[in-house]
Amino acid sequence: MTVSYGKFVGELSKGIKGLILAYDMDKANGRCVLYLKTTNQKIFIEKAVIQQARTEAISILRAKIVEGLGDIAVLTLKLQDDSLILEDGNPDVKSSTRVRTQ
């Protein structure tokens, strides 16, 4: 299945227009990066999440974006053992804190 980050972000932004400032494709690491309207906050989304859990991911991300990230600068949404995991931290940094498991 081909991943269309643009279509994913388009679906995600419905109902929360203006809260996502921009997005980028990190093809080298297989993920999408959302830049939020709030200063210096972003969310990394692994490609597997978009391919295998798109609907659930959109629901989780919308709720989290509307709620706000608070003091968290970076979140990562990934798929682990068929569960969506939302972690505090950059995926390129080894230590992170699990925020929410679905």
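Is E11 buried, partly exposed or exposed? With a relative accessibility of 29%, E11 counts as partly exposed, where buried means under 20% relative accessible area, exposed means over 50%, and partly exposed lies in between (1.4 Å probe, protein chains only). The structure is a predicted model, in which local features need pLDDT of at least 70 and side-chain atom pairs count only at pLDDT 80 or more, while totals for chains, interfaces and linings use all residues. Residues are numbered from 1 along each chain as its sequence is written, and side-chain values use heavy atoms, with hydrogens and water left out.

E11 also takes part in a salt bridge with R54, at 3.2 Å from N to O; such a bridge is a side-chain nitrogen of Lys or Arg within 4 Å of a carboxyl oxygen of Asp or Glu. This pair links distant parts of the chain, with R54 in helix 3 and E11 in helix 1, 43 residues apart. Helices (H or I, at least four residues) and strands (E, at least two) are DSSP runs, numbered from the N terminus. The whole structure holds four salt bridges. Another of them joins K64 to E67, with the closest N and O atoms 3.0 Å apart. Both residues lie in helix 3, three residues apart, about one turn of the helix. K64 is buried at 9% relative accessible area, whereas E67 is exposed at 59%. K78 and E87 form a salt bridge too, at 3.5 Å between the closest N and O atoms, and both of these residues are buried.

Turning to the interior, the largest nonpolar core has 25 residues, of which F8, L12, L34, I43, I45 and I65 touch the most other members. A nonpolar core is a set of buried Ala, Val, Leu, Ile, Met, Phe, Trp, Tyr and Cys residues joined through side-chain atoms within 4.5 Å. Helix 3 gives the largest share of this core, five residues. Beyond its neighbours within four places in sequence, L34 is in contact (heavy atoms within 4.5 Å) with residues including V9, L12, I20, Y23 and I65.

Y23 stands opposite L34 in strand 2. Strand 1 (residues 20-26) and strand 2 pair in the antiparallel sense over six bridges, pairing being assigned if DSSP finds at least two bridges between two strands. Four residues lie between the strands of this hairpin, where G30 takes a positive phi near 65 degrees. Positive phi also appears outside glycine: D81 has a value near 50 degrees, and D82 one of about 65 degrees. D81 is found in the loop between strand 4 and strand 5, as is D82. D81 is exposed at 70% relative accessible area, and D82 is exposed at 73%.
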